[in-house]
Amino acid sequence: MRQGKYPFVIGFLIAPLALYGMFVLRPIAAAVQVSMTNWSGLSPDFDFVGLENFQKLLDDDKVWLAAKHHVFLLVTLPVITIALALFFAFLLNMGGGTRGGVMTGVWGSKFYRVVFFLPQVLAVVIVGVIFGRVYAPDGSGILNRFLELFGIDAVQFMAEYGLWSILGVLVWQAVGFYVVLFAAGMSSIPAEIYEAAVMDGASRVTIFFRVTIPLLMETVKVAWVYLGILAMDAFALVMVLSIDEGGPDGATTVLPVQIYKSGIRESDYGYASALGVALAVFTIIFAVLSLRGGKRNAVEH
């Protein structure tokens, strides 16, 4: 510090910035470079093809089908997950009785927080294997056994409702984390605000929509971005659950699956890198627009 503030700060930043440049920026630059070649990944020889891979990407029907699935997940996954998480978090914090004019959570709310969070400690592949048995089309499938109790014939979930089935797993795995996140956010809101709302005769529904959600908008915005990034992935679940890795007939394919098939299966690392660059750019644009779009709607307490 005797040498000045800026040399002190720069001295602390050199090591982390160097590591970030080596393990993040350098691979990104390499991916961009490879995306402009016809490298097969199996030979040291390759030719520079410029934007040819990106032109091929725009003309690829499988890519557009995968992008369509991403848009579906991008709309449904954040909306459903955030709505469920806000509802459950509100119950955990204010769904019980009223003590001394202060609303309390439902009985056993601390235990429910742990239960909701449990899916987060499971690896994605394990979750996929578990739901593989849940969605199994034969008599061993848990859902089909349940439907048999009502006389309903077995349903081919992954064949008939593949993308919706994967969406259900994504929501099941993600909602617990955001329940805990929103519950923590609600706990940080001053009790005086809720007490004033109760004294004014506001119902719990009114308090939820007119008080809680506006004060949690910053947290909701961050959750929306993270869930949107999750919607851009879904690789592991699609590979484990879907028929023929994104099937049937591309009904559940996503861009990471197309990247895997192009690079590993077809040995076209140049095209696979172009797909990866396009996916990264699209994800960054979504995150920036989401963060900037909700900035004016924030309410402070």
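Helices here are DSSP runs of H or I with at least four residues, numbered from the N terminus. By that count, glutamate 245 sits in the loop between helix 12 and helix 13. We return to that loop below. The model is a predicted one.

Start with the whole chain. The protein chain holds 14 helices and two strands. Its C-alpha trace spans about 80 × 75 × 30 Å along the principal axes. Of its 301 residues, 37% are buried. Now take the contacts between residues at least 6 apart in sequence: 66% of them join residues at least 24 apart.

Next, the interior. In soluble globular proteins, nonpolar side chains tend to be buried together. The largest nonpolar core in this model has 58 residues. Within this core, Leu86, Tyr135, Phe182 and Leu241 touch the most other members. Follow leucine 86. Beyond its neighbours within four places in sequence, leucine 86 contacts Phe182, Met186, Phe208, Ile213, Leu216 and Val220. One of these partners, Phe182, is itself among the core residues that touch the most other members.

Helix 3 is a good place to continue. Helix 3 covers residues 61-94, and helix 8 covers residues 162-187. The two pack at an angle of about 40°, and their axes are 7 Å apart. How does helix 3 lie relative to helix 8: roughly parallel or oblique? Angles under 35 degrees count as roughly parallel. The angle here is about 40°, so helix 3 and helix 8 are oblique to each other. The contact between helix 3 and helix 8 has 25 nonpolar residues, five polar ones and no charged ones. The crossing of helix 3 past helix 8 is right-handed.

Helix 3 also packs on helix 11, residues 217-231. This time the angle is about 140° and the axes are 9 Å apart. Helix 3 is therefore oblique to helix 11, since the roughly antiparallel class takes angles over 145 degrees. The crossing of helix 3 past helix 11 is right-handed. Helix 3 brings His70, Leu73, Leu74, Leu77, Pro78, Val79, Thr81, Ile82 and Leu86 to this contact. Helix 11 brings Val220, Ala223, Trp224, Leu227, Gly228, Leu230 and Ala231. By class, the contact of helix 3 with helix 11 has 13 nonpolar residues, three polar and no charged. Leu86 appears again here, and leucine 86 and Val220 are in contact.

Now return to the loop between helix 12 and helix 13. Helix 12 is residues 235-241, and helix 13 is residues 255-265. Glutamate 245 has a positive phi of about 50°, although it is not a glycine. Is glutamate 245 buried or exposed? Its relative accessible area is 18%. Buried means under 20%, so glutamate 245 counts as buried. Further along, the peptide bond from glycine 247 to proline 248 is cis, with omega near 0°. Proline 248 belongs to this loop.

Threonine 252 lies in the loop too. Its relative accessible area is 0%, so threonine 252 is buried. What does threonine 252 touch, apart from residues up to four places away in sequence? The contacts are His69, Gly162, Leu163, Ile166, Val238, Ser242, Gly246 and Gly247. Among them, His69 falls within the span of helix 3, and Gly162, Leu163 and Ile166 within that of helix 8.

Helix 13 comes next. Its buried residues are Leu255, Pro256, Val257, Gln258, Ser262 and Gly263. Lysine 261 is in helix 13 as well. With a relative accessible area of 22%, lysine 261 is partly exposed. Leaving out neighbours within four places in sequence, lysine 261 contacts Asp244, Glu245 and Glu266. That list includes Glu245, the loop residue with the positive phi. The C-alpha atoms of lysine 261 and alanine 234 are 15 Å apart, with their positions 27 residues apart along the chain.

Serine 267 follows helix 13. Serine 267 lies in the loop between helix 13 and helix 14, the latter being residues 269-293. Serine 267 also has a positive phi, about 55°, and is not a glycine. Its relative accessibility is 23%, so serine 267 counts as partly exposed.

Technical notes:
Residues numbered from 1 in each chain as written. Predicted model: local features only at pLDDT ≥ 70, side-chain atom pairs only at ≥ 80, totals over all residues. Heavy atoms only, no water. Core = buried A, V, L, I, M, F, W, Y, C linked by side-chain atoms within 4.5 Å. Buried < 20%, exposed > 50% of the residue type's maximum accessible area, 1.4 Å probe, protein only. Contact = heavy atoms within 4.5 Å. Axes fitted to C-alpha atoms, helices over the stretch in contact; angles between N-to-C directions. Parallel < 35°, antiparallel > 145°, perpendicular 65-115°, else oblique. Left-handed = near helix turned anticlockwise from the far one by under 90°. Nonpolar A, V, L, I, M, F, W, Y, C, P; charged D, E, K, R; others polar.
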